[in-house]
Amino acid sequence: MTHENTQITSPPSPSEILLHLGPQHPLQPGPFLLDLKIDGETIREAELKIGYIHKGMEKVFEDRTYIQIMPLTDRICYLASNANNDVYCRAVEELLGIEPTPRAKYLRVIANELNRIQSHLLGIGEYTTDVGFLTMFIYMVRERESIVSLLEAITGSRLNHNYARFGGVANDLPPNYKSMALKTLGEIGKLVKSHDEMMSSDSIYLKRTKGVGVLTDKVASELGVAGPPLRATGVEYDLRRIEPYLVYDDLDFKVITQQDGDVFSRVKVRLLEIQESIYIIEQCLDQIPSGPYKQHVTPYITRPKVGEVYTRIEDPRGELGMYLVSDGSNKPYRFRIRGPAFATAQALPPLLIGTYMADVAAIAASMDSCTSEVDR
Amino acid sequence: MATDKTIMVELTDAFSDAISDVDVPSANRAEARIDSSKVTEIMQFLRDKGFDHLSCISGVDYPPDKMEVVYHVTSYSAPLVITLKATLPRDDPNIDSLCDIYWNANWYERETWEMFGIVFNDCPYLKVLILPEEMDGEWPMRRDYAGYPNAT
């Protein structure tokens, strides 16, 4: 695969026009500029320009102590804040040579999976507005609200959870959490299933999404994408299964895949993953051991040994990695964030070439990008 | 296809003069230091052996005289992540691009270039990605970066 398909290589000819989609546009999850060279309705070339909300996080983290970084990792992507907390926390734990307590491992998995459900629900909601299915957005946000309340009950905050701590978590489960969570999750499972049926049986929606923006498994792995866009092509790449962290080894779950690799499949993967996450949380609530939820003394002032570590996690959007270099002081020497949305954003322009203008919104939204994390 | 840690033995055998400091800290991680002039051959070797996923490229600055490019290579079917580090001189950091081997290397190389000033030879479209154009040539992620002049 060449690199010319990521750039606008020449000025438009008389039959073509150059269309700037962004940096502010109602369909976008955040500001980015998508330049399209179109001929009639067909896209000839596409180029993605990012950096509109660059926060310089990697530089900022070099000047913060390890525990100060924890709440900042939430802001990498607010929809995946628990995944960000967790992967950062595991990186520091590995450098410190400590392990979270058994109960804390389960609590982190519960928080991670709730986080995945709410991220998928909002992702699908935003996507459905882009394909002209506004009703579903309202439903999805309503369902997400109860999941966010479940997260709030554990972590104390609705979006930026700041939940993981080195060797443990910040809070234990509140009283009666299990019955409350099982009741809500049961309802959400049924509702999402009925939404899934509604979407799968709507002929207009099917025409709009089936066979649109097709990625094959070969092209998808060539482009370096991970997460739902890759699993929608049939590749069983899920870090929870391939490189089990926390307690995913002890849990029973399927890696959701679809075969077609089109817009419909990518959304279907997310819908089915919601059910799978609910199943994981139910197992966790059954199996969770009693005991301390944090170390006897939580290390707040941390000076890890000299060394480096690369940890990965299955973020709602794919593979999130963090590369941490420690020089033995109380601040990281280098902190690199390998975001999943960065990889999917890079793969977007080649996917758009040859498609119709009207499908751009559907394809872009089905990749479930997060501009905040692309720019960091 | 050897996508487990025996790959490190194969790699050392194939490039004995370009690989040093091989270490396998855990079952899922392996690391080595590589000669920066051999990076494309080594990556092509790994790709042919089944390491089909370039996870990340990062730069690390070690003033006053060194810079490092760190590659994390892994596979879509196995958990082993190989960390390869190439050391470059800080006054003229340049290394060959991997864009022909791993398609997704492009954005990682562009980002490392704009943040550290590490030149990736033959990288297509080596221009600013995240930074605004007026910060081209500032190399803000270097350790001794003093800050962008505040024009106001």
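A helix here is a DSSP run of H or I with at least four residues, and helices are numbered from the N terminus. The structure is a predicted model. Keep both points in mind for the exercises.

**Exercise 1. Place A:V87 in chain A, and decide whether this residue is buried or exposed.**

Step 1. Find the element. A:V87 is found in helix α3 of chain A, which covers residues 81-96.

Step 2. Count the neighbours. A:V87 has 26 C-beta neighbours inside 10 Å.

Step 3. Apply the cut-off. A residue is buried if 20 or more other C-beta atoms lie within 10 Å of its own. A:V87 therefore counts as buried.

Step 4. Look for contacts, leaving aside neighbours within four places in sequence. A:V87 is in contact with A:T311, A:R312, A:I313, A:L320 and A:M322.

Step 5. Set sequence against space. A:V87 and A:G321 are 234 residues apart in sequence. Their C-alpha atoms are 7.4 Å apart in space.

**Exercise 2. Describe the sheet that α3(A) lies across.**

Step 1. Find the strands under the helix. α3(A) lies across β6 and β7 of chain A. The helix runs at about 150° to β6(A).

Step 2. Write the strand order. The open sheet has three strands, in the order β6-β7-β8, with antiparallel pairing.

Step 3. Name the edges. β6 (307-315) and β8 (332-338) of chain A are the edge strands, and each pairs on one side only.

Step 4. Add the twist. From one strand to the next, the twist averages 15°.

Step 5. Check one pair. β7 of chain A (residues 318-326) pairs with β8(A) over six bridges, in the antiparallel sense. A:V325 stands opposite A:R334 in β8(A).

**Exercise 3. Work out why β1 and β3 of chain A each have one side without a neighbour in the sheet.**

Step 1. Write the order. Three strands of chain A form an open sheet, β1-β2-β3, and the pairing is antiparallel.

Step 2. Reason from the positions. β1 (16-21) and β3 (42-49) of chain A stand at the edges with a single partner strand each, so one side of each is left without a neighbour in the sheet.

Step 3. Add the twist. The average is 20° from one strand to the next.

Step 4. Follow one pair. β2 of chain A (residues 33-39) and β3(A) are joined by seven bridges in the antiparallel sense. A:L33 has A:K49 as its bridge partner in β3(A).

Step 5. Inspect the turn. The hairpin of β2(A) and β3(A) has two residues between the strands, and A:G40 takes a positive phi near 65° there.

**Exercise 4. Divide chain A into domains and describe their contact.**

Step 1. Read the bounds. The domain assignment gives domain 1 (4-49) and domain 2 (57-367) in chain A.

Step 2. Take the distance. The C-alpha centres of the two domains lie 30 Å apart.

Step 3. Count the contact. Domain 1 of chain A gives 13 residues, and domain 2 of chain A gives 15 residues.

Step 4. Find the main contributor. On the domain 1 side, β3(A) gives the most, with six residues.

Step 5. Sort that side by class. Seven of its residues are nonpolar, three are polar and three are charged.

**Exercise 5. Test chain A against the radius expected for a compact globule.**

Step 1. Set the expectation. With 376 residues, a compact globule would have a radius of gyration near 21 Å.

Step 2. Compare. Chain A has 21 Å, which agrees.

Step 3. Add the burial. Of the 376 residues of chain A, 51% count as buried.

Step 4. Count the elements. Chain A has 15 helices and eight strands.

**Exercise 6. Describe the side of chain B that touches chain A.**

Step 1. Count both sides. The contact takes 29 residues from chain B and 29 residues from chain A.

Step 2. List elements that supply at least two residues each. On chain B they include β3 (53-62), β4 (66-74), β5 (81-89) and α3 (105-116).

Step 3. Pick the largest share. β3(B) supplies six residues.

Step 4. Sort by class. This side of chain B has 19 nonpolar, eight polar and two charged residues.

Step 5. Follow β5(B) to its partners. β4(B) and β5(B) run antiparallel, joined by eight bridges. β2 of chain B (residues 29-34) runs parallel to β5(B), with six bridges.

Methods:
Residues are numbered from 1 along each chain as its sequence is written. Chains are lettered from A and ligands numbered from 1 in the order in which they are written. This is a predicted model: local features need pLDDT of at least 70, side-chain atom pairs count only at pLDDT 80 or more; totals for chains, interfaces and linings use all residues. Two strands pair if DSSP finds at least two bridges between them. Axes are lines fitted to C-alpha atoms, for helices over the stretch in contact, and angles run from 0 to 180 degrees between N-to-C directions. Two residues are in contact if their C-beta atoms, placed from the backbone, lie within 7 Å. Ala, Val, Leu, Ile, Met, Phe, Trp, Tyr, Cys and Pro count as nonpolar, Asp, Glu, Lys and Arg as charged, and the others, Gly among them, as polar. The radius of gyration is taken over C-alpha atoms; the globule rule is 2.2 Å times the number of residues to the power 0.38. A residue is buried if 20 or more other C-beta atoms lie within 10 Å of its own, exposed if 12 or fewer, and partly exposed in between; C-beta atoms are placed from the backbone. Domain bounds come from an automatic or database domain assignment.
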